[in-house]
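Student: I have a model open and would like to talk through its sheet, its rings and its inner space. Could you take my questions one at a time?

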Amino acid sequence: MPSQPTKKTPPQHVEPMAILNGSLFLIAIDAEGGTVAPVQLQTETSISIEQEELEVTDKDSQGFHKVIAGKKSGSLSFSAFVDTTTASGKKGIEDLLARFNVATVPGAGTFQRGTLIDWKFETGSSTGDLAFAGSGLLTSLEISAGTEETATVSGSVTMSGPYTALVVA
């Protein structure tokens with residue numbers, strides 16, 4: 001009598017996944033030392049952190065390329081819909097424009113062009129989520145308005161100095 005094949009049973013315990021919903025990530029900004037608030041009506045956000053490499057290949061490298069860590073840098077970018085009225089607790093188009101011009105904007109204060117801003121890239125919600133914070137310079141701002149399309153604003157922040165990265169406890 002032939003033996004029956006052994007039936008494999010699936011694992012009984014499956015680890016929960018901690019995948020973050022990209023819709024939750026927001027970029028928040030303010031003048032350096034101020035209280036950061038999210039840019040309103042965001043549709044897209046990203047953070048890019050880079051490390052330069054310095055070549056240290058020498059005759060003892062046995063023909064292999066060798067590198068060590070150099071400067072660290074980073075940037076953030078965002079896109080949002082343009083709304084000329086700013087919701088409470090948010091940063092609107094007026095706040096963004098104020099960071100490029102010496103201007104006094106009602107509710108946003110006086111800003112000098114080229115001054116550093118504080119920024120956060122976070123979900124602002126749950127334990128276990130990622131959060132980044134630092135200071136930087138708002139280096140680009142573009143307003144796009146196509147025929148019969150919703151006007152959008154996009155911008156970039158170049159990091160200045162170190163940033164902090166943590167998992168929310």
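**Rings, strands and a cavity**

Tutor: Gladly, and let us start with two rings: Phe121 and Phe132 are both buried, where buried means under 20% relative accessible area, exposed over 50% and partly exposed in between, with a 1.4 Å probe and protein chains only. The model is predicted, so local features need pLDDT of at least 70 and side-chain atom pairs count only at pLDDT 80 or more, while totals for chains, interfaces and linings use all residues. Residues are numbered from 1 along each chain as its sequence is written, and side-chain values use heavy atoms, leaving out hydrogens and water.

Student: What is the angle between the planes of Phe121 and Phe132?

Tutor: Rings of Phe, Tyr and Trp (its six-membered ring) pair if their centres lie within 6.5 Å; planes under 30 degrees apart count as stacked, over 60 as edge-to-face and the rest as tilted. A search of the whole structure finds three aromatic pairs. Phe121 in strand E7 and Phe132 in strand E8 make one that ties together parts eleven residues apart in sequence. Their centres are 6.2 Å apart and the pair is tilted, with an angle between the planes of 55°.

Student: Which residue in strand E9 forms an aromatic pair with Phe132 in strand E8?

Tutor: This second pair is tilted too, at 6.5 Å centre to centre and 50° between the planes. It ties together parts that are 31 residues apart in sequence, because Phe132 lies in strand E8 and its partner in strand E9. Phe132 counts as buried at 14% relative accessibility, whereas the partner is partly exposed at 29%. That partner is Tyr163.

Student: Which residues do ring pairs link into a cluster?

Tutor: Two links have come up already: Phe121 with Phe132, and Phe132 with Tyr163. The cluster also takes in Phe25, so its members are Phe25, Phe121, Phe132 and Tyr163.

Student: What is the order of the seven strands in the open sheet?

Tutor: Strands are DSSP runs (E, at least two residues), as are helices (H or I, at least four), numbered from the N terminus; two strands pair if DSSP finds at least two bridges between them. The pairing here is antiparallel, and the order is E2-E1-E7-E8-E9-E4-E3. Each edge strand pairs on one side only, and these are E2 (37-38) and E3 (42-55).

Student: How many bridges join E8 to strand E9?

Tutor: On one side, E8 (residues 130-144) pairs with E7 (residues 117-122) over six bridges, where Trp119 stands opposite Gly134 and Glu122 has Ala131 as its partner. On the other side is E9 (residues 152-167), where Val153 stands opposite Ile143. E8 and E9 run antiparallel, and the number of bridges joining them is 13.

Student: What is the volume of the largest cavity?

Tutor: A cavity is a set of points on a 1 Å grid over the protein atoms alone where a 1.4 Å probe fits but cannot get out, and lining residues have an atom within 4 Å of a point. The search finds one cavity of 30 Å³ or more. Its lining includes Phe81, Ile93 and Val153, and strand E4 (67-81) and helix H1 (93-98) each supply at least two lining residues. The volume, meaning the space filled by probe spheres set on points joined across faces, edges and corners, is about 50 Å³.

How values were computed:
1 Å grid on protein atoms, 1.4 Å probe; cavity = no way out; pocket = protein on both sides within 12 Å on 5 of 7 lines; lining within 4 Å.
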